[in-house]
Structure formats: C-alpha cells, structure tokens
Amino acid sequence: MIDPETRFLSVKDLPSTRLLGTGTPMCAGCGGLQALHEIYDVLGGRTVFVNAAGCMTLLSVYPFTPFRGSWLYTAMASAPAGAQGIRDALDILLEQRRITPAEDLQVVVLTGDGAAYGMGLSATSAAIDRGLDFLYVVYDNEGYGNTGQQSSPATPHAARTATARGAGGVPGEKKDLFAIWCAHGPAYAATIIGAEPLDLVRKVEQAMAVKGPRLLLALAPCPTGWDFDPQRTVEIGKLAVGTGIWPLKEYRDGTIVHTKVPRRRVPVERYLETQGRFRHLFEPNRRDDLIEAIQARVDAYWAQSASNGA
Ligand SMILES: Cc1ncc(C[n+]2csc(CCOP(=O)(O)OP(=O)(O)O)c2C)c(N)n1
Ligand code: SF4
Ligand SMILES: [Mg+2]
C-alpha cells in the first residue's frame, strides 16, 4: 500500500530486507540495480552505505531513500575514507556501550567502476592495508555512466564510449581490479553478476561471515551506456558468464577458485553483437582483427587458470 505522506510503499507491508521504491528515475533494466537488489536482500537493513558519486547516488535524494539503514554520500575518491570514519565511530560507540553488538552496522561502500578502478583506488588500497572492516560493493558498468558513459579504466578493449568514438573504440584493456584486490590479501573477494543470483547470494553470505576488507565486484550490464534493449539485461549477463568474458570466482585464504566454469564456452561475438557499443565490430565491415583479439584474450585467461588449477 502506498503511504500518502512518503509516496513509498508502506514499510510494514514488505519483508525487512527489500529495497523500498525510489522516487528517482533509474534506467529500466539497470544491471547494477539488479545486483544491488539481490545483495541487499541478504545484507538487510543493518547497514550503512557509503556511496561514491555515480548512478546509484540518485537512489537516495534527500529526504527520500529506498534503504532502511543510513546513507553517506562522498566524493568519488573518498568512499573508503568515509567508511573508515563510520567504522571508527561505531567502534567507539560499542566500546562505550552506547550501542550493543546487536545494534552494530555493516559498513558498505557502494561504488561504480570509475571510482573503484580509478579515482578511488588509492584510498581503497590504503583502507585494505589498514585492515578496515568493510564490504566494498562495485557495480561495474564499464564506464562513467552517470555523466554519459565516458571511458573508465574498466572499459573493455574495442568498446565505443562517449570519449572513444574512433574506428577501433577503446585501444586499452580493462584493468583487473579483482587481481589488484587479491594482491592486497583481503579477507574475501568475489566477482558476481545479477544474472546468476544463486552464486551471488552465496558470495554475499561468505563476505558477511568474515571481518576485514571484503570485495564484491558485480558486472553491471547497462542498457543506456552499452546500448541494448533493457529487457535483455539477464540474457546479456548470462552471456558474459557463458562466453567466459566475466569469470565468476572468489578469493579466500590466498586461494582463487572459479565458482562457475562454462563447460563449453560460447564464442565472445555472441556477447559482443548484443550491444551497440560493439556494433562497429560487425558494421559496416566486420572487424575480425578486433573480435579475434578479444576472443584470444578470453582463451588465454582460461588456459592460464586451467594450468593454475583455479
Ligand atoms: C572528482 C570528480 N570528478 C568528476 C565527477 C563527476 N562525476 C559524477 S558521477 C561520475 C561518473 C562516475 O563513474 P562510475 O564510478 O563508474 O559510476 P557510474 O556513474 O557509472 O555509476 C562523474 C565523472 C565527480 N563527481 N567528482
Ligand atoms: S546509466 Fe547504466 S548503470 Fe547508470 S542507472 Fe542507467 S542502466 Fe544503470
Ligand atoms: Mg561506471
């Protein structure tokens, strides 16, 4: 039932973990929002989100929020520093017995790839080094989505963006944030995607079961920035896993394990052809050089991980 004062669904009608409706317009079919919904189902309301500027910032526009806990908005580079301040404050309240352990909150950074792979990387590295007890959730839509999908360090090779409009798209390669986190020896790290909810939920539970720096890195199919029909979000997410472009894996105790290995990998072009950002690989002339380069990189990744026994 809609509450006439807040214009949101009445809280008492909903299970305690669901996101409430938001008054702000988010894109239909947003893969980042899909992953966040699923993560929040497990996390629940005893969370405080620390958000680096990006698309998800529009979820909480004062005085409205779809979350049941608190929300702190920070500059793009500063979310881990904000998380440190909140964790410290909670620890002081606990020490002074002004809150009970049952009233303690999970401190969760919510950030896009532009902040996570780029602007916020230094603050993140320092927070991991300090052993900060926080969950770091990245929705990776492979570009600066909120400002019109400019290239970010997470944009994949050959994708066209607002700042890479040339014949070959982005010349560089996507940065490996998961590997960067693992090199720090965190308490936990995992890649996830909203289109594989069972794998995702298990990883959120694993992350919540330990203390320290923890990463959940979600590929976030983005109909607006990647140029596809919003109804294809789940299909494209499953193709990202099935082609092997987005390996689902987790890091625990120094070991990396793949949690879903595609038995027979689908050719990457099945994934690429679903998105307007790769249309120039197929029209007006087929760019076999670029398609083969992308396929070769994926093949090399899986050959390497097989030889490592991951
Ligand atoms: C230092 C700084 N530079 C630029 C901006 C403008 N800005 C706001 S959101 C955004 C895009 C952030 O990209 P990402 O972290 O990937 O999140 P997304 O928008 O894709 O959700 C930018 C560039 C900013 N807020 N701060
Ligand atoms: S631009 Fe992409 S990531 Fe941002 S809200 Fe829209 S669909 Fe989601
Ligand atoms: Mg982004």
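1. A residue is called buried when its relative accessible area is under 20%, exposed when over 50% and partly exposed in between, with a 1.4 Å probe and protein chains only. Asn141, at 6% relative accessibility, therefore counts as buried. Gly143 is likewise buried, with 4% relative accessibility.

2. This is a predicted model, in which local features need pLDDT of at least 70 and side-chain atom pairs count only at pLDDT 80 or more, while totals for chains, interfaces and linings use all residues. Residues are numbered from 1 along each chain as its sequence is written, chains are lettered from A and ligands numbered from 1 in the order in which they are written, and side-chain values use heavy atoms, with hydrogens and water left out.

3. The magnesium ion (ligand 3) has as protein donors Asp113 (OD), Asn141 (OD1) and Gly143 (O), at 2.0 to 2.2 Å. Donors are N, O and S atoms within 2.8 Å of the metal (3.2 Å for Na, K and Ca); water is not among the atoms, so sites may look incomplete. Along the chain, the donors of this ion follow the spacing D-x27-N-x1-G.

4. Ligand 1 is surrounded by 16 residues, each with a heavy atom within 4 Å of the ligand. The closest are Cys55, Gly114, Tyr139, Gly145 and Asn146.

5. Oxygen atoms of ligand 1 also take part in polar contacts (pairs of N or O atoms within 3.5 Å). The side chain of Tyr139 places an N or O atom 2.7 Å from a ligand oxygen. Backbone N or O atoms lie 3.0 Å from a ligand oxygen at Gly143 and 2.7 Å at Asn146.

Conventions:
Polar contact = N/O pair within 3.5 Å; in protein donor to acceptor, adjacent residues only side chain to side chain.
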